[in-house]
Amino acid sequence: MNFVLVTAASIAVLIVMHGITFAVGRSIGRYNVVDVTWGLGFVGVGAVAAVLGSGDPFRRILLFVLVAVWGLRLAWHMIQKSAGRGEDPRYEAMMRGDFSAGRVLRKIFGIQAAATWFVSLPLQVSAVLGPTPTALLPAFIAGVVLWAVGVFFEAVGDHQLRRFKADPANKGTVMDRGLWAWTRHPNYFGDACVWWGLWLASVAGWISLLTVLSPVLMTYFLVYATGARLLEKHMMDRPGFREYSSRTSFFIPRPPRSRIP
């Protein structure tokens, strides 16, 4: 029954957070503020799981700390990224000019709240399970390491891109330096690593294996639904992007190919 309490409280927290964010977006005339709540929503669920869960205290607290570090950094990054700008082109394309309240709530906020709840299921389930079995400790350690790799790629990739865009000399050019020379989407790749890492670290029994669809869904979002593929549709006509994509891995990092003469 403790899981019912954890998941019910998680849903309630997400409804409140996304409701407040919708009101903020309505007042300022742009709904990309939901991207800030994307990270914060996971922090909220992680806090609920840590406080209300009845499972292993060490794992509950550690998973909360890991998701909080990731979510708070991402939220702050999205605040900086969207400050002073208009609506995100992805949401404009999704809504096709119809930003009526009901449609926005269903297609943007409702979907993201539901996705947050589903992706965070490993945290919720893990919060009601006992200590990690000795046989699963290698997976636990591997998960924490993979989380760290993911945060590195995401944070460093975002920082490198922000510095690149801040230089007027780079206006109109494609970022192809640092981590961006190894993958066209180091931030999305890092995000995927974070959630596969959190899933591995959350496994404490056979029932945990059922939550594997959570990182699968997150990876789908990052690659297809709202992430890399959708972003590249908007960048395909940018000068130099096709040449950049021909020598740089799409998602999983690898050494770049030589520049085409």
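Me: In this predicted model, buried means under 20% relative accessible area. Why is E232 called buried?
Reply: E232 has a relative accessible area of 4%. The cut-off for buried is under 20%, so E232 is buried.

Me: What makes E232 and R184 a salt bridge?
Reply: Their side chains meet at 2.7 Å, N to O. The limit is within 4 Å, from a side-chain nitrogen of Lys or Arg to a carboxyl oxygen of Asp or Glu. The pair therefore counts as a salt bridge.

Me: Why does this pair tie together parts that are apart in sequence?
Reply: R184 lies in the loop between α7 and α8, and E232 in helix α10 (residues 228–235). These parts are 48 residues apart in sequence, so the salt bridge ties them together.

Me: Is R184 buried or exposed, and why?
Reply: R184 has a relative accessible area of 10%. Buried means under 20%, so R184 is buried.

Me: What makes R73 and D158 a salt bridge?
Reply: The N to O distance is 2.9 Å. The rule asks for within 4 Å, so R73 and D158 qualify.

Me: Which parts of the chain does this pair link?
Reply: R73 sits in helix α3 (residues 57–82) and D158 in helix α7 (residues 137–166). The two residues are 85 residues apart.

Me: Why is R73 called partly exposed?
Reply: Its relative accessible area is 22%. Buried needs under 20% and exposed needs over 50%. R73 falls in between, so the term is partly exposed.

Me: Why is D158 called buried?
Reply: D158 has a relative accessible area of 4%. That meets the cut-off of under 20%, so D158 is buried.

Me: Which residues are linked in a network of salt bridges?
Reply: R73, E154 and D158 are linked in that network.

Me: How do you know that R247 and D176 form a salt bridge?
Reply: Their closest N and O atoms are 3.0 Å apart. The limit is within 4 Å, so the pair counts. R247 is in helix α11 (residues 241–247), and D176 is in the loop between α7 and α8. They are 71 residues apart. R247 and D176 are both buried.

Me: How many salt bridges does the rule give?
Reply: The count comes to five.

Me: Why does I28 count as partly exposed?
Reply: I28 has 44% relative accessibility. Partly exposed lies in between under 20% and over 50%, so I28 fits. I28 is found in helix α1 (residues 2–28).

Me: Which residues form a nonpolar patch with I28?
Reply: V16, I20 and V24 join I28 in a patch on the surface. Together the four have about 340 Å² of accessible area.

Notes:
Residues are numbered from 1 along each chain as its sequence is written. This is a predicted model: local features need pLDDT of at least 70, side-chain atom pairs count only at pLDDT 80 or more; totals for chains, interfaces and linings use all residues. Side-chain values use heavy atoms; hydrogens and water are left out. Patches are made of residues with over 30% relative accessible area and no salt bridge: like charges are joined within 9 Å, nonpolar side chains (Val, Leu, Ile, Met, Phe, Trp, Tyr) within 5 Å. Accessible areas come from the Shrake-Rupley method with a 1.4 Å probe; for residues, only the protein chains shown count as cover. Helices (H or I, at least four residues) and strands (E, at least two) are DSSP runs, numbered from the N terminus. Buried means under 20% relative accessible area, exposed over 50%, partly exposed in between (1.4 Å probe, protein chains only).
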